[in-house]
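Trainee: I am new to this structure and would like to go through it step by step with you. Could we put it in front of us and begin with one pair of strands?

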Amino acid sequence: MDYEAFHCRIDIIRNVPDTLRNRDAFVSTFEKFFTRTPTSFISVGSASKSSIIIDHIDPVHCSFNFQQDSLFIKTMAETTVVHNDKEIILKKDDLFTLPFNPNELIDFYTLLEWKIIIHPYVEISGIVTLEEAVEKESVENYLNAKYDDVKKLEENNRYLIYRIGSDRVAKILHPYHNKNKLNVDHFFQAAKQISDIQNELLCEVKAAYSDLPHVVLDFFAGDTLANYLAKKGRTGYREAFLVTKKIAEFLKVTRERNYVCKTLSLNNILCAGSKKIKFTGFNTEGLSIAEDSLDIFYMSPEFIRDEEVSFPCDIFSLGVITYRLISGKFPFSDVQEYKNYIAQGKSLSKADLERSSSYITPQIASFLELMLAFDPGRRPTPSGVLDWLKDIYDIKLWHYVLNMHEENVFFGLQVISSVKPIRGEICVIQNNKTSIIGRSADINIPGDFRISRQHTKITLDNGVCILEDLGSSNGTKIDGEKISERKIENGTSFLIGETVLCFWDFQKLRDQRL
């Protein structure tokens, strides 16, 4: 493997003196599997959205994540960290780093051990181990060494499923089957096959709910889409639409299974190039997001308002992802602007979206307006997103609008509809020149036999466009009316045969946008 996979186990213990009976003692465990890709921050506090909830401490006391073979601890209140038997006192707003090295093991598969002490009664112990234990040791021995009551539920040549205790399921994908990974549909089918477990949630095939967390040990040689985009700045239209299509197909399956992701973002989608996408880490109950975190942009307004969320919240997140892939930025300038829009109940309009980025074409803006609507009922279904991706045709036009000076091209005809699948194609026309349109002409329209060989003449004279029918059998029509000769303006459509063409002045389109 060209990278390692790691496992982190967190044990939370609160020891309370008998004199404080209103505070119960408890022991709890939190686990996370991760790779070298930076993880989201795991927050500790009494707030209901904390990843690890501990009553009677600060709402968000501290948080930590893993990145670049290091543990990063960020404090929001005074915290004691114990490492190598040494106590380090961290003040509010400190950032503390503990590195670990896969080549320097403490013992067996252990890489790092530490404690966080929140005075006076809470102790959080953490240990990071190599997940090579799964690969090199018997999976059953590995699980039995860490958990009680482990039972194998299903096994085939690609994955194993274990029940851990009475309330958890672990699915392990074999690392040597990278080319044929389980998709979400296969996992739900597997869940059905093991639905004899005495647990209501699993019987209802809702295995990803927080009441029944499941662990996936997966070896994926890729990166998050967030990191991929950070390196590229923005993607091209084709790549953006390919990713959007894969996410929409994923959401179509989850919707059929009555499952809401809730936390869909570029940070929990892995990619190995745009053609290989993997989804991970959704529906995190108790999710804690810092007030200034960019992850807030992916959250739907109903999520921010602490309202009950349903499936359309994932479409909002997909809209943000699509916008960001195409434009290279978020649809809102900062978190406060987004919250102001939510407070006013004001969605982004088509005009707002067009003005926000020169890469957002009119058709893209129209559909993103629906995907990013603050009213969940206005948002399309995943099938609606997939249909839109098939129907969009103004991408090539916008390429010329954005690059006309570099390519020295300022006018063109766009195919709006035709008998052949050439919708959206652009025929460049030169200023101070005459071009013939037909089946055998300067501008050829293939497959439409209602078009004459030389059907229509289009002349550009210092930007003034004149359209003239050349005595064709079926005529040239504008707004249903046959014309012999007419001056046409930017955006004028005309019909020849069964093909609709539109004349565009790229400079005027650019001026209108800017």
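Trainee: Which residue in E8 stands opposite Val81?

Mentor: This is a predicted model, and in it strand E7, residues 79-83, pairs with strand E8, residues 86-90, in the antiparallel sense over five bridges. Within that pairing, the residue of E8 that stands opposite Val81 is Ile88.

Trainee: Which residue takes a positive phi in the hairpin of E7 and E8?

Mentor: The hairpin of E7 and E8 has two residues between the strands, and the strands themselves run antiparallel to one another. The residue there that takes a positive phi, near 55°, is Asn84.

Trainee: E7 also pairs with strand E10, so to speak on another account; what is the bridge partner of Thr80 in E10?

Mentor: E7 and strand E10, which covers residues 110-118, pair in the antiparallel sense over three bridges. In E10, the bridge partner of Thr80 is Ile117.

Trainee: How many of the five residues of E7 are buried?

Mentor: A residue counts as buried when its relative accessible area is under 20%. On one side of E7, Thr79, Val81 and His83 are buried, and on the other side Thr80 and Val82 are buried, so that both faces are covered. The strand is therefore described as mostly covered under that cut-off, and the number of its residues that are buried is five of five.

Trainee: Turning to the open sheet of five strands, which strands stand at its edges?

Mentor: The order of the strands in this sheet is E4-E3-E5-E6-E9, with mixed pairing. Each edge strand has a single partner strand, so one side of each is left without a neighbour in the sheet, and the two strands in that position are E4 and E9.

Trainee: Which residue in E9 stands opposite Ile73?

Mentor: Strand E6, residues 70-75, and E9 pair in the antiparallel sense over five bridges. Opposite Ile73, the residue in E9 is Phe96.

Trainee: In helix H5, why are the buried residues on the same side?

Mentor: The buried residues in H5, a helix of residues 225-232, are Leu225, Ala226 and Leu229. They lie on the same side of H5 because the arc they cover around the axis is only 100°.

Trainee: And which residues are exposed on the other side of H5?

Mentor: The buried residues of H5 pack against strand E16, helix H6, strand E17 and helix H8. H5 is followed by Gly233, whose phi is positive, near 90°. On the other side of H5 from the buried residues, the exposed ones are Ala230 and Lys231.

Trainee: Let us go on to the salt bridges: how many residues apart are Lys49 and Asp306?

Mentor: Lys49 forms a salt bridge with Asp306, with the closest N and O atoms 2.7 Å apart. Lys49 is in the loop between strand E3 and strand E4, while Asp306 is in the loop between helix H7 and H8, so the pair links distant parts of the chain, and the two are 257 residues apart.

Trainee: Is Asp306 buried or exposed?

Mentor: Its partner Lys49, at 31% relative accessibility, counts as partly exposed. Asp306 has a relative accessible area of 57%, and it is therefore exposed.

Trainee: Which residue meets Asp391 in a salt bridge?

Mentor: Asp391 lies in helix H12, and its partner lies in the loop between strand E19 and strand E20, so the pair ties together parts that are 32 residues apart in sequence. The partner is partly exposed, with a relative accessible area of 38%. The two side chains meet at 2.6 Å, N to O, and the residue asked for is Arg423.

Trainee: What is the relative accessibility of Glu425?

Mentor: The side chains of Lys396 and Glu425 meet in a salt bridge at 2.6 Å, N to O. Lys396 lies in helix H13 and Glu425 in the loop between E19 and E20, so the pair ties together parts that are 29 residues apart in sequence. Glu425 counts as partly exposed, and its relative accessibility is 32%.

Trainee: How many salt bridges does the structure hold?

Mentor: Among them are the pair of Lys49 and Asp306, the pair of Asp391 and Arg423 and the pair of Lys396 and Glu425. The number of salt bridges that the structure holds is 14.

Key:
Residues numbered from 1 in each chain as written. Predicted model: local features only at pLDDT ≥ 70, side-chain atom pairs only at ≥ 80, totals over all residues. Heavy atoms only, no water. Buried < 20%, exposed > 50% of the residue type's maximum accessible area, 1.4 Å probe, protein only. Helix = DSSP H or I, 4+ residues; strand = E, 2+ residues; numbered from the N terminus. Pairing = 2+ DSSP bridges. Arc of directions from axis to C-beta. Contact = heavy atoms within 4.5 Å. Salt bridge = Lys/Arg side-chain N within 4 Å of Asp/Glu carboxyl O.
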